[in-house]
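Thanks for coming. I will take a few minutes to walk through one structure for those who have not seen it before.

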Amino acid sequence: MKKVITIHINGLLFHMEEDGFNVMRESLFRQGKQGDKATEALLAERFSALINSAKQVITLADVQNVLGQLGFRSNFDTSQANSYNTHEPKRLYRKTSDKVIGGVCSGLGEYWDIDQTLLRILFVVAFFGFGAGLLFYILLWIIIPEKKLF
């Protein structure tokens, strides 16, 4: 059983699963479209087409489908969208499950949400270009704690 919330989009009332709402809100925020009237009207139109006498609630799958049709990036998982409900701060760890040497680049890539290969290339360039890349990597390896998997 999922929690259902009631929201207003473009003056229309919708019942939506909470995780679907969080995904929609995160997508709009990432694209810079929160508060955009044209986007709100498109969402309301698409969601209205999904509602009928047999179906009264907009599901997470419906939200992802509509956002995909409108060209919104929705390749993040729902645990990120549900992070509004948990007040756990984002932490930096070495990611040892996806490591080449010590997991520093994997952990930094996950923390900053960028490709870890790019970070590895930057460390190699810093090593050969400036000579400090290896020292900096080793320092981060010592300082950043390892992520413990339970």
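I will start with the inside. The largest nonpolar core has 17 residues, and the members that touch the most others are Ile-9, Met-16, Met-24, Leu-43, Phe-47 and Val-63. Strands S1 and S2 and helices H1, H2 (37-50) and H3 (60-69) each put at least two residues into this core. H3 gives the most, with 4 residues. In soluble globular proteins, nonpolar side chains tend to be buried together.

Take Leu-43 as one member of that core. What is Leu-43 in contact with, leaving aside its neighbours within four places in sequence? The list is Ile-9, Met-24, Leu-28, Val-66, Leu-67 and Leu-70. Two of those names, Ile-9 and Met-24, you have just heard among the residues that touch the most other core members.

There is also a second core, separate from this one, with 8 residues, including Val-104, Phe-123, Tyr-137 and Leu-140.

Before going further, a word on what we are looking at. This is a predicted model. The protein chain has 150 residues, and 29% of them count as buried. Its secondary structure comes to 7 helices and 3 strands. From the N terminus, the order of elements is β-β-α-α-β-α-α-α-α-α. Counting contacts with a separation of 6 or more, 53% are between residues 24 or more positions apart. The exposed area of the chain is about 9,900 Å², and carbon and sulfur atoms supply 59% of that area.

Now the sheet. The 3 strands form an open sheet, in the order S1-S2-S3, with mixed pairing. Which strands are at the edges? They are S1 and S3, the latter covering 57-58, and each of them pairs on one side only. Between S2 and S3 the pairing is parallel, over 2 bridges. Strands of a sheet pair through backbone hydrogen bonds, either parallel or antiparallel. Within this sheet, Met-16 stands opposite Ile-58, which is in S3. Met-16 is also one of the core residues I named at the start.

One helix should be placed against the sheet. H2 lies across S1, S2 and S3, and runs at about 70 degrees to S2. H2 is also among the elements that supply at least two residues of the largest core.

Next, the charged pairs. How many salt bridges does the structure hold? There are 3.

One of them joins Lys-2 to Glu-17, with the closest N and O atoms 3.5 Å apart. This pair links distant parts of the chain: Lys-2 is in the segment before S1 (4-9), Glu-17 is in S2 (residues 12-17), and 15 residues separate them. Lys-2 is partly exposed, at a relative accessible area of 47%. Is Glu-17 buried or exposed? Its relative accessibility is 13%, so Glu-17 counts as buried, the cut-off being under 20%.

Lys-2 also forms a salt bridge with Asp-19, at 3.0 Å from N to O. Here Lys-2 lies in the segment before S1 and Asp-19 in H1 (residues 18-31), so the pair ties together parts 17 residues apart in sequence. Asp-19 counts as buried too, because its relative accessibility is 13%.

The remaining pair is Asp-62 with Lys-55, where the N to O distance is 2.4 Å. Asp-62 is buried, with a relative accessible area of 12%, while Lys-55 is partly exposed at 25%. As for shared partners, salt bridges join Lys-2, Glu-17 and Asp-19 into one network.

Last, two points about the backbone. Asn-10 is not a glycine, yet its phi is positive, near 55 degrees. Where does Asn-10 sit? Its place is in the loop between S1 and S2. Asn-10 counts as partly exposed because its relative accessibility is 39%.

The other residue is Asp-113, also not a glycine, with a positive phi of about 60 degrees. Asp-113 is found in the loop between H5 (104-112) and H6 (116-130).

To recap: a core of 17 residues, a separate core of 8, an open sheet of 3 strands, and 3 salt bridges. That is all I have.

Methods
Residues numbered from 1 in each chain as written. Predicted model: local features only at pLDDT ≥ 70, side-chain atom pairs only at ≥ 80, totals over all residues. Heavy atoms only, no water. Salt bridge = Lys/Arg side-chain N within 4 Å of Asp/Glu carboxyl O. Buried < 20%, exposed > 50% of the residue type's maximum accessible area, 1.4 Å probe, protein only. Core = buried A, V, L, I, M, F, W, Y, C linked by side-chain atoms within 4.5 Å. Contact = heavy atoms within 4.5 Å. Areas by Shrake-Rupley, 256 points an atom, 1.4 Å probe, with all protein chains shown as cover. Pairing = 2+ DSSP bridges. Axes fitted to C-alpha atoms, helices over the stretch in contact; angles between N-to-C directions.
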